[in-house]
Amino acid sequence: MTAEHTDISWYRAVEGALGVRPLSHQPLSGGCVAPVYRVDLMNGSSAVAKLGGGAGTFGGLELEGEMLEFLARESALPVPEVYLKTENLLLMEFLAGGSPIGDKSQQHAAELLAALHNILGPDYGRLGFGFEYDTVIGGLRQPNPWTKSWVEFFRDQRLIYMARGAFEAGRLEFSLLQRVERLGERLDDLIDEPLHPSLIHGDMWTGNVLVDGPRVSGFVDPAVCYADAEIELAFSTLFGTFGVSFFKRYNEIRPIADGFFDLRLDIYNLWHLLTHVRLFGGSYVGSVDRILRRHGL
């Protein structure tokens, strides 16, 4: 129990939502933006509570709850049921987890994400890329205006938007921002327009994948939008979340176009790295520089 939350006044909201009195809470892994706890209840069951989004967090925890509810309603992706969502408290179903991501669970994840990525946007994808509202990633606003062109959406609402945000936060030098902008001018030659927009989870790293034995029990902390599914696949490699077993099974279900691993993976991960620069600075700046250098910038 952290000193920050020795105050348990939020227990009243938990009891009001579930009709069961909380007994104690223990920290769970993750929670880089807001602390996450397993809450043990008087009836012997458990729930998960995420507390406070912190200063500067876009949308509060209510927005995260809305995205989980959207995924539960619109897809078969396993996500925790949301019991209560407010700006400062997200109360969810406790899902078994804690197992390492092995070959079997990677294959299961591939099946689940391939099915998710087959879901088109509204009006059969005719609105284009984006979402019905701005979402959040790592506590940062993620703009989602409907855009017909994927290249335009990725350039303006992801790559350049995040690079400028990192610069304004004092974590990216102006010269690096200029290099990212020059890369943006060349995107037509580097990435493709997909056949259709795909619904993506949006924040696919190890901490957001709950594994129970050989199966994925749930995905948490989404940053949903309709995008090129390759951006999700790329992020899953950045911190070693998924590997050969995942991509072999995914490719059997949804073939991955040539050039993804050799070229586009780096381009898409540049945005994820810029997000980490915006949040944390440090060594991520060097990773941004290395990708830009690979493209002669």
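Visitor: In this predicted model, what is the bridge partner of K85 in β5?

Guide: The partner that K85 finds in β5 is L90, and the strands concerned are β4, residues 82–85, and β5, residues 89–93, which run antiparallel.

Visitor: What makes β4 and β5 a pair of strands?

Guide: Two strands pair if at least two bridges are found between them; 3 bridges join β4 to β5, so the two strands meet that condition. The connection from β4 to β5 is a hairpin through 3 residues.

Visitor: Why is a space called a cavity, and how many cavities of 30 Å³ or more does the whole structure hold?

Guide: A space is called a cavity because a 1.4 Å probe fits there but cannot get out, and the search finds 1 such space of 30 Å³ or more. The largest cavity holds about 80 Å³ of space. It is lined by 15 residues, among which R158, I200, G202, I231 and W271 are the closest to its centre. Two or more lining residues come from each of α4 (150–168), β11 (225–227), α6 (230–238) and α8 (260–280), and by class the lining has 10 nonpolar, 3 polar and 2 charged residues.

Visitor: Why is the space of about 340 Å³ called a pocket?

Guide: A pocket is an open set of points, and the space of about 340 Å³ is the second largest pocket, so it counts as open. Of its 18 lining residues, P194, D228, E230, P255 and A257 are the closest to its centre, while α6 and α8 are the elements giving two or more residues to the lining. That lining divides into 10 nonpolar, 2 polar and 6 charged residues.

Notes: Residues are numbered from 1 along each chain as its sequence is written. This is a predicted model: local features need pLDDT of at least 70, side-chain atom pairs count only at pLDDT 80 or more; totals for chains, interfaces and linings use all residues. Side-chain values use heavy atoms; hydrogens and water are left out. On a 1 Å grid over the protein atoms alone, a cavity is a set of points where a 1.4 Å probe fits but cannot get out, and a pocket is an open set with protein on both sides within 12 Å along at least five of seven lines; lining residues have an atom within 4 Å of a point. Grid points are joined across faces, edges and corners, and a volume is the space filled by probe spheres set on the points. Helices (H or I, at least four residues) and strands (E, at least two) are DSSP runs, numbered from the N terminus. Ala, Val, Leu, Ile, Met, Phe, Trp, Tyr, Cys and Pro count as nonpolar, Asp, Glu, Lys and Arg as charged, and the others, Gly among them, as polar.
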